[in-house]
Amino acid sequence: MDITLDKKSTTDGLIKIKLSQSDYQPKVEEKIKDYARKANIKGFRQGKVPHGVIKKMFGKSILVEEVNHILSHSVSDYIKSNNLRILGEPLPNQEKANQINWDTQDEFEFEFQIGLVDDFTYELSPKVKLKSYPIEVDKKVIDDTIADLKKRFGEVTHPEVSVEGDNLHGQVLETGSETPMSAHLELPKLNKKVVKDFVGKKKEDSIEMDIRKVFDTDEEIGIFLGVSPEEAKAKSGKYNFQITSISRVAPAEINQEFFDKVFGKDAVKSEEEFLNKVKETIQGNYDRETAHLLDHEIQHHFVENTKISMPDEFLKIWLKNSGGDQITDEILEKEFGQYKESLKWDLIKNKIAEDLKIIVEAEEVKTKAKAMIMEQFGGQAFAAQLGDKLDDIANNYLSDQEGKNFMKLYDELRHEKILKTIKETATITEKPVSLDEFKKIVEKHNH
């Protein structure tokens with residue numbers, strides 16, 4: 001067998017393979033003999049089918065199967081032994097393969113197109129400047145959260161006539177449509193100029209409304225009509241809303257019963273503890289949002305500041321081939337940039353892990369699996385009940401899905417370790433912001 005690499009450029013190459021009879025014939029003959037021993041063919045006793053009969057009936061399919069087996073392993077082994085950094089999978093030259101005459105040829109030539117990535121360098125040092133935006137929990141957020149909790153755990157009644165602050169449940173019908181949809185209106189969330197149109201109403205009353213005057217945003221329209229914000233952009237004009245019921249919530253009183261409903265029995269025992277717990281919970285949620293944005297900033301920084309030559313045309317061909325009919329030219333054109341950035345980030349992460357010897361041990365994956373299972377089923381109390389059985393549950397989970405669960409947690413841990421290393425090495429400046437300021441930063445980042 002003769003296998004060579006023809007590099008067309010730093011990012012594109014052809015692996016060429018030439019096979020002679022000596023490369024495949026011994027295995028082909030071995031398989032023909034095996035067929036002869038096992039074949040059950042009418043007119044012959046099992047195990048007594050002549051070699052020539054088997055060769056005539058199955059010889060070509062055995063040859064094709066064996067050659068493909070050799071090709072698959074040879075290409076893979078060549079890439080590994082030569083430390084080629086490739087993207088996607090090798091693409092066979094189908095036109096060349098289709099010209100093969102399996103009946104007459106005894107030597108074969110194949111070509112596989114590959115996308116290559118040249119070695120690259122990245123900057124990971126205190127010179128890498130990053131910004132983090134911790135969100136400050138202000139009094140208004142705490143007050144709004146407590147008001148929402150009091151409403152959520154309050155007493156619900158169903159009055160005859162609506163007043164400001166009520167919720168209206170009913171059916172909404174677009175003008176010209178014949179199919180009503182279930183919907184509900186929270187009067188405090190409507191545009192203040194139209195709230196009066198929904199006050200003093202009873203069950204079975206109908207209200208005609210201009211949807212663009214009732215709601216201020218596409219998101220609110222989408223929630224009301226049960227469509228995405230993108231679909232909501234096209235919605236406008238008159239709608240008819242018929243009331244089927246009215247609900248009113250009397251806010252819960254601040255007492256031990258309320259504390260228990262929100263955080264569990266006896267988790268907090270005073271109003272001061274309750275306020276601290278609310279603040280702590282909000283801060284925890286904000287910290288996760290801050291960390292999530294920082295992770296995105298890290299990815300953005302490294303993708304933008306690391307030069308990597310990539311085989312764009314090869315990747316487009318490979319994506320279309322591997323995606324089948326689902327990957328159209330339009331989808332490819334729209335999403336290729338994002339896919340390429342994601343691929344570039346993976347290359348950078350892999351190189352950082354390789355250079356800094358960041359590894360994940362199997363025991364770490366098992367520990368993460370156990371923590372995940374405990375969290376899903378009640379924390380430490382659940383673990384105490386299970387005792388040693390938690391190990392068995394974790395092992396079963398990790399071996400399920402043909403090992404995919406193991407690899408999922410392995411990849412998550414590896415990703416976390418790489419980001420942790422970057423954060424410990426780079427210079428991160430914190431700038432505390434309000435929630436509204438944070439939302440604007442996120443919006444700008446997404447653009």
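## Ser132 and its strand

A strand here is a DSSP run of E with at least two residues, numbered from the N terminus. Strand β5 covers residues 129-132, and Ser132 belongs to it. The model is predicted.

Ser132 has 6% relative accessibility. Buried means under 20%, so Ser132 counts as buried. Leaving aside residues up to four places away in sequence, Ser132 touches Thr290, Leu294, Ile428, Thr429, Glu430 and Lys431.

## Overall dimensions

The protein chain has 447 residues and a radius of gyration of 33 Å. A compact globule with that residue count would come in near 22 Å. Along the principal axes, the C-alpha trace spans about 95 × 60 × 50 Å.

The secondary structure consists of 16 helices and 11 strands. Take the contacts in the chain with a separation of 6 or more: residues 24 or more positions apart account for 70% of them.

## Surface and burial

About 28,400 Å² of the protein chain is exposed. Carbon and sulfur atoms supply 48% of that area. Of the 447 residues, 32% count as buried.

## Aromatic pairs

The whole structure holds 13 aromatic pairs. One of them joins Trp102 and Phe108. This pair is tilted, with 4.9 Å centre to centre and 35 degrees between the planes. Phe108 is buried, at a relative accessible area of 1%.

Phe259 and Phe274 form a stacked pair. Their ring centres are 4.9 Å apart, and the planes differ by 25 degrees. Phe259 lies in helix α8 (residues 256-263), while Phe274 lies in helix α9 (residues 271-305), so the pair ties together parts that are 15 residues apart in sequence. Both Phe259 and Phe274 are buried. Ring pairs also place these two in a cluster with Phe153, Phe258 and Phe263.

## Charges over rings

Phe263, a member of the ring cluster, has a lysine over its ring: the charged end of Lys277 sits 6.0 Å from the ring centre. Phe120 has such a partner in Lys351. The charged end of Lys351 sits over the Phe120 ring, 5.8 Å from its centre.

## Helix α15

Helix α15 runs over residues 404-425, a total of 22 residues. From first C-alpha to last, the helix reaches 32 Å. That is close to the 32 Å expected at 1.5 Å a residue.

The buried residues of α15 are Asn405, Leu409, Leu413, Ile418, Leu419, Thr421 and Ile422. These residues pack against four helices: α9, α11 (329-355), α12 (362-376) and α14 (389-399). Helix α9 also carries Phe274 of the stacked pair.

## The loop before α15

Gln401 lies in the loop between α14 and α15. Its phi is near 55 degrees, a positive value in a residue other than glycine. Gln401 is partly exposed, with a relative accessible area of 46%.

Glu402 is found in the loop between α14 and α15. Phi of Glu402 is near 55 degrees, again positive in a residue other than glycine. The relative accessible area of Glu402 is 79%. Exposed means over 50%, so Glu402 is exposed.

Terms used: Residues numbered from 1 in each chain as written. Predicted model: local features only at pLDDT ≥ 70, side-chain atom pairs only at ≥ 80, totals over all residues. Heavy atoms only, no water. Phe/Tyr/Trp six-rings, centres within 6.5 Å; stacked < 30°, edge-to-face > 60°. Buried < 20%, exposed > 50% of the residue type's maximum accessible area, 1.4 Å probe, protein only. Lys NZ or Arg CZ within 6 Å of the ring centre and 35° of its normal. Rg over C-alpha atoms; globule rule 2.2 N^0.38 Å. Contact = heavy atoms within 4.5 Å. Areas by Shrake-Rupley, 256 points an atom, 1.4 Å probe, with all protein chains shown as cover. Expected span 1.5 Å × (residues − 1).
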